[in-house]
Amino acid sequence: MQFNKIWLAGLALLGWLVVNGLAQHRASGSADFLSELEKEVVQELNLVRKDPRRYATYLEKMKVYYDGKVIKRPNRPYVQTQEGLKAVEEAIHFLRAAKPLTPFRVSPGMSRAARDHVQSQGPQGAIGHKGSDGSEPADRVNRYGKWIRTIGENIAYGSEDARDIVLGLIVDDGVTDRGHRKNIFNPSFQVIGVACGSHKVYQTMCVITFAGGFSEKRRR
C-alpha cells in the first residue's frame with residue numbers, strides 16, 4: 001500500500017484574498033504565453049464557471065474511489081484526506097446549486113507574476129503565498145501592471161492533471177472556509193494569471209492569481 005505525501009484531497013492548497021477599491025481594467029484573452037498544462041487549467045476553471053452542474057458529475061465519479069478517508073484510484077498512489085466523502089458531497093451540493101458565471105479572461109502580466117512565484121518557490125521546495133523576496137501576490141502582480149478592485153491567489157501543489165487540480169480546489173478538503181472554491185466562484189473575479197512548474201518537494205505546483213480587472217504594463 002502506497003500513500004501519497006500530498007495532502008488535502010491529493011493537493012496541498014493555499015488561498016489568499018484582498019479586496020480593494022480601484023478603477024479600470026484590461027486583460028488579454030490570448031493564451032499563447034501559457035504551457036499546455038496551464039491552458040488546460042484555464043479551460044477547466046472556465047468549464048466549472050460556465051457549467052457547475054456538469055462539473056458535479058466529475059465529483060460523483062470520484063466517490064467510488066473513497067475508502068473511508070483514503071482515495072484509492074487505480075495506478076495512482078493512495079491519498080489520505082482529512083474529511084473523506086463529507087467534503088466531496090458538500091462540494092457536489094454546492095456545484096448543483098451554483099449559478100453559471102462568465103469565464104475568466106487570461107492576463108499575460110498576471111501569468112508572469114504567477115510564474116515569478118513558481119520560480120521562487122519551486123527550487124527551494126517552499127510553500128505559501130510569500131515569495132523568497134518577501135513579496136505578496138499583490139506585489140508580484142503589480143510588477144506587470146495594476147490589479148483592479150480585488151485580488152486573490154490559489155496555489156495547488158502535487159498534481160500534473162488540470163482537472164485534478166481544479167477538483168481539489170473545489171472540494172477544498174480540510175479548508176474550513178472553502179476559500180479556494182470561493183475564489184473560483186467569486187463573481188468579482190474576472191481576470192486570472194496561471195503558471196505551473198516543478199517543485200522540489202511536491203514535484204509540481206500551480207499558481208492561479210485572480211483579480212477584478214488588470215491593466216497591463218506596456219512591455220518595452
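Here is a quick look at strand E8 and helix H3 in this predicted model.

**Strand E8 and its neighbours**

Let's start with E8, which covers residues 191-199. Eight of its nine residues are buried, so to speak of it as mostly covered is fair, taking buried to mean under 20% relative accessible area. E8 pairs with two strands, E6 and E9, and the table sets out both pairings.

| Partner of E8 | Residues of partner | Bridges | Direction |
|---|---|---|---|
| E6 | 105-106 | two bridges | parallel |
| E9 | 203-216 | nine bridges | antiparallel |

On the E6 side, Val 106 sits across from Ile 192 of E8. Over on the E9 side, His 199 has Gln 203 as its bridge partner. E8 and E9 are also linked in the chain, as a hairpin of three residues takes one into the other.

**Helix H3**

Now for H3, residues 85-97. With 13 residues at 1.5 Å each, the helix should span 18 Å, and the C-alpha atoms at its ends are indeed 18 Å apart, so the two values agree.

Which residues of H3 are buried? They are Ala 87, Val 88, Ala 91, Ile 92 and Leu 95. Looking down the axis of H3, these buried residues fall within an arc of 140°, which means they line one face of the helix. That fits the usual pattern: an α-helix has 3.6 residues a turn, so residues three or four places apart point the same way.

What does the buried set pack against? Its contacts are helices H1 (36-50), H2 (52-62), H6 (162-171) and H7 (179-184), plus strand E3 (66-67). Flip to the other side of H3 and you find Lys 86, His 93 and Ala 97 exposed.

Technical notes. Residues numbered from 1 in each chain as written. Predicted model: local features only at pLDDT ≥ 70, side-chain atom pairs only at ≥ 80, totals over all residues. Heavy atoms only, no water. Buried < 20%, exposed > 50% of the residue type's maximum accessible area, 1.4 Å probe, protein only. Helix = DSSP H or I, 4+ residues; strand = E, 2+ residues; numbered from the N terminus. Pairing = 2+ DSSP bridges. Expected span 1.5 Å × (residues − 1). Arc of directions from axis to C-beta. Contact = heavy atoms within 4.5 Å.
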